[in-house]
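Ready for a short walk through a protein in your viewer? Keep the selection panel open and follow along stop by stop.

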Amino acid sequence: MVVRLRLSRFGCRNKPFYRVMAADSRSPRDGKHLEVLGYYNPLPGQDDGKRMGLNFDRMKYWLSVGAQPSEPVQRLLFRAGLLPPPPMLAMGQKGGPRDTRPVDPMTGRVSTPE
């Protein structure tokens with residue numbers, strides 16, 4: 001059984017709200033899950049509510065036992081500071097010419113040789 005950290009969609013049409021879940025990779029997106037790890041709101045209201053809330057202890061636990069984050073969750077964890085940047089950020093512009101200079105995995109910036 002492969003455990004994935006992924007988003008489960010809630011909310012109504014045109015107003016998405018997501019929960020970050022630890023789930024079996026074979027279960028459907030909004031189906032059975034093992035644990036709720038937080039939430040992500042891509043459209044905070046006019047009251048400037050929080051965009052995301054994560055349980056960092058449980059997130060670290062699931063990553064330590066081998067859970068694999070999906071690409072959107074990987075980007076969220078990078079913003080929160082739990083993971084290094086995903087490869088697309090380190091590669092540069094999507095579809096553009098590839099940069100062959102070495103990239104620092106923690107910051108995603110080009111490292112200068114000294």
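This tour goes from the overall fold to single residues, with something to select at each stop.

**Stop 1: the whole chain**

Start with a cartoon view, and keep in mind that this model is predicted. Colour by secondary structure and you should find three helices and five strands. Following the chain from its start, the elements come in the order β-β-β-β-α-β-α-α.

Now switch on the surface. The protein has 114 residues, and 25% of them count as buried. Its accessible surface comes to about 8,200 Å², with carbon and sulfur atoms making up 52% of that. If you like contact maps, take the contacts with a separation of 6 or more: 28% of them join residues 24 or more positions apart.

**Stop 2: the nonpolar core**

Hide the surface and select Leu5, Val20, Leu37, Met59 and Trp62. These are the residues with the most contacts inside the largest nonpolar core, which has 15 residues. Which elements give two or more residues to this core? They are β1, β2, β3, α1 and α2.

Stay with Leu37 for a moment and show its surroundings. Beyond its neighbours within four places in sequence, Leu37 is in contact with Leu5, Val20, Met59 and Trp62, among others. The list of its contacts also includes Met21, Ala22, Gly53, Leu54, Asn55 and Arg58.

**Stop 3: the two sides of helix α2**

Select residues 71-80, which form helix α2, and show the side chains of Val73, Leu76 and Leu77, its buried residues. Why do these three lie on the same side of α2? They cover an arc of only 95° around the axis, and that puts them on one and the same side. The helix geometry helps here: an α-helix has 3.6 residues a turn, so residues three or four places apart point the same way.

Turn to the other side of α2 and you meet Glu71 and Arg79, both exposed. To see what lies over the buried residues, bring back the other elements: the cover includes strands β1 (3-12), β2 (15-24), β3 (35-40), β4 (52-54) and β5 (68-69), along with helix α1 (56-64). Before leaving, step just past the end of α2 to Gly81, where phi is positive at about 90°.

**Stop 4: Glu35 and Arg58**

Next, select Glu35 in strand β3. Is Glu35 buried or exposed? With a relative accessible area of 18%, under the 20% cut-off, Glu35 counts as buried.

Add Arg58 to the selection. The two side chains meet in a salt bridge, with 2.9 Å from N to O. This pair links distant parts of the chain, since Glu35 is in strand β3 and Arg58 is in helix α1, 23 residues apart. At 30% relative accessibility, Arg58 counts as partly exposed. Showing the rest of the surroundings of Glu35, you will find contacts with Val20, Met21, Ala22 and Trp62 as well as Arg58, leaving aside neighbours within four places in sequence.

**Stop 5: a second salt bridge**

How many salt bridges are there? The count comes to two, and the other stop to make is at Arg26 and Asp24, whose side chains meet at 3.1 Å, N to O. Side chains of opposite charge can pair when their charged atoms come close. Compare the surroundings of the two partners: Arg26 is exposed at 66% relative accessibility, while Asp24 is buried at 14%.

**Stop 6: Ala23 in strand β2**

Move to Ala23, which lies in strand β2. Ala23 has a relative accessible area of 3% and is buried. Draw a distance from its C-alpha atom to that of Leu34: the separation is 5.2 Å, although the two residues are 11 apart along the chain. Leu34 is also one of the contacts of Ala23, in a list that includes Val2, Val3, Arg4, Arg6, Lys32 and His33.

**Stop 7: the loop at Asn14**

Finish in the loop between β1 and β2, where you will find Asn14. Look at its backbone: Asn14 has a positive phi of about 65°, although it is not a glycine. Most residues other than glycine have a negative phi. At 65% relative accessibility, Asn14 counts as exposed.

Note on methods: Residues numbered from 1 in each chain as written. Predicted model: local features only at pLDDT ≥ 70, side-chain atom pairs only at ≥ 80, totals over all residues. Heavy atoms only, no water. Helix = DSSP H or I, 4+ residues; strand = E, 2+ residues; numbered from the N terminus. Buried < 20%, exposed > 50% of the residue type's maximum accessible area, 1.4 Å probe, protein only. Contact = heavy atoms within 4.5 Å. Areas by Shrake-Rupley, 256 points an atom, 1.4 Å probe, with all protein chains shown as cover. Arc of directions from axis to C-beta. Salt bridge = Lys/Arg side-chain N within 4 Å of Asp/Glu carboxyl O. Core = buried A, V, L, I, M, F, W, Y, C linked by side-chain atoms within 4.5 Å.
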